Amino acid sequence: MLDAGITKSVNGNGNGTAAKGSLPLVTHEPQQKSVIWVGDVPIGGAEAVVMAGPCSVESREQVTATALSVKRSGAVILRGGAYKPRTSPYDFQGLGVEGLKLLREAGDIAGMPVVTEVMSEEDVAVICEFADLLQVGARNMQNFALLKKLSKTGKPILLKRGPSATVKEWLASAEYILHGGNDQIVLCERGIKTFDHSLRNTLDLAGVALVKEMTHLPVIVDPSHATGKRSLISATAKAGLAVGADGIIVEVHPEPEKALSDSEQQLSFRLFEELMSNLTRPVRTLFAHHPEFAVV
Ligand code: PEP
Ligand code: MN
């Protein structure tokens, strides 16, 4: 349960009206875990789930080759950004609708559901046409108009933690989506800003364990954005699963050094394969449940 201090400060006034159970939906019966289905992949069940794919969809060849390779290594959901939140307006902004189509096509070829980021309210409808899981990026975690709109889509939502958001603010954002009528939410810890700039962000592993205690919703870890550093993805992915995350989301690119975004943190096919063979917790595989997709 949310403790009294957190409940009061989320509510902000403690006057007793809204204070009582101010996040009632997200903290309801945390021990009764919710399982969120993305296509036919359950998130929050006994097996951890691995989502993988490029930071950005760049071309048909790039995303299709990545889909087939990550599937072969054991990923069950394909990621790929079509609308990219870039720090500079001069950086690659994503292929937009064309990117969505290429992602969908690659997912269908590989037999995988797809996740992609939705940055603005006006893109929600078109993204719903192509994606199985809609990602709210870290920078939009408190875009309340977007959260309200997503609560009406009936689609599963991947809600990333904001770079400077506290755990209670993160859960309050999930509450918005639940309150609007959508209970299909997966939380994602992707690193937060701290005083230490040695890495892109600081992965809040204890925060993951804490959130698992507080909510019934599944939580996954994004080691790619948390570290920004290829050599640390494997260690942090394993650490995320060790503290109880229900899965990981990892960036993979056919030629990471040539990637149009986040080239420092994307894994090659070989490094992703290596990561998958070193995960110590059972991960859900497509092959066990869908022998027709097995690659021989
Ligand atoms: C992403 O996953 O493509 C992304 C931009 O991540 P974040 O919102 O966590 O920075
Ligand atoms: Mn990225």
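**Figure 1. Arg 190 reaches out to ligand 1.** In this predicted model, a polar side-chain atom of Arg 190 lies 2.6 Å from an oxygen atom of ligand 1. Gln 135 also takes part with its side chain: one of its polar atoms is 2.9 Å from an oxygen atom of the ligand. Ala 138 uses its backbone instead, placing an N or O atom 2.8 Å from an oxygen atom of ligand 1. Now widen the view to the surroundings of the ligand. Ligand 1 is surrounded by Arg 79, Lys 84, Pro 85, Glu 117, Gln 135, Gly 137, Ala 138, Arg 139, Lys 160, Arg 190 and His 225. Keep His 225 in mind, since this neighbour of ligand 1 is also one of the residues that coordinate the manganese ion.

**Figure 2. Four side chains hold the manganese ion.** Which residues coordinate ligand 2, the manganese ion? They are Cys 55 through SG, His 225 through NE2, Glu 251 through OE and Asp 262 through OD, at 2.0 to 2.4 Å. Along the chain, these donors follow the spacing C-x169-H-x25-E-x10-D. His 225 belongs to helix 8 (residues 223–227), while Asp 262 sits in the loop between strand 10 (247–251) and helix 10 (269–278), so this pair ties together parts that are 37 residues apart in sequence. Both His 225 and Asp 262 are buried.

**Figure 3. A closer look at Asp 262.** Asp 262 is found in the loop between strand 10 and helix 10. Its phi angle is near 50 degrees, a positive value in a residue other than glycine. Is Asp 262 buried or exposed? Its relative accessibility is 19%, and buried means under 20%, so Asp 262 counts as buried.

**Figure 4. The largest pocket and its lining.** The volume of the largest pocket is about 230 Å³. Of the 18 residues that line this pocket, the closest to its centre are Pro 85, Arg 139, Arg 200, His 225 and Asp 262. Some of these names should be familiar by now: His 225 and Asp 262 are among the residues that coordinate the manganese ion, and Pro 85 and Arg 139 are among those that surround ligand 1. What classes of residue make up the lining of the largest pocket? There are ten charged, five polar and three nonpolar residues.

**Figure 5. Glu 29, another residue with a positive phi.** Glu 29 is found in the loop between helix 1 (4–11) and strand 1 (36–38). The phi angle of Glu 29 is near 40 degrees, again a positive value in a residue other than glycine. With 30% relative accessibility, Glu 29 counts as partly exposed.

**Figure 6. Ser 56 and Ser 261, brought together by the fold.** Ser 56 lies in the loop between strand 3 (49–53) and helix 2. How many residues apart in sequence are Ser 56 and Ser 261? They are 205 residues apart, and the distance between them in space is 6.6 Å, C-alpha to C-alpha. Ser 56 counts as buried, at 0% relative accessibility.

**Figure 7. Two buried valines in helices.** Val 63 lies in helix 2 (residues 60–73) and is buried, with a relative accessible area of 0%. From C-alpha to C-alpha, Val 63 is 6.6 Å from Leu 103, although the two are 40 residues apart in sequence. Val 124 is found in helix 4 (residues 124–130). Val 124 is buried too, with a relative accessible area of 3%. Its partner in this view is Leu 134, ten residues away in sequence and 8.7 Å away in space, C-alpha to C-alpha.

**Figure 8. Ala 206, an exposed residue in helix 7.** Here the view moves to helix 7 (residues 205–214), where Ala 206 is found. At 57% relative accessibility, Ala 206 counts as exposed. Val 243 is 37 residues from Ala 206 along the chain, and the C-alpha atoms of the two are separated by 7.6 Å.

Key:
Residues numbered from 1 in each chain as written. Chains lettered and ligands numbered in written order. Predicted model: local features only at pLDDT ≥ 70, side-chain atom pairs only at ≥ 80, totals over all residues. Heavy atoms only, no water. Donors = N, O, S within 2.8 Å, 3.2 Å for Na, K, Ca; no water. Helix = DSSP H or I, 4+ residues; strand = E, 2+ residues; numbered from the N terminus. Buried < 20%, exposed > 50% of the residue type's maximum accessible area, 1.4 Å probe, protein only. 1 Å grid on protein atoms, 1.4 Å probe; cavity = no way out; pocket = protein on both sides within 12 Å on 5 of 7 lines; lining within 4 Å. Points joined across faces, edges and corners; volume = space filled by probe spheres on them. Nonpolar A, V, L, I, M, F, W, Y, C, P; charged D, E, K, R; others polar. Near = heavy atom within 4 Å. Polar contact = N/O pair within 3.5 Å; in protein donor to acceptor, adjacent residues only side chain to side chain.
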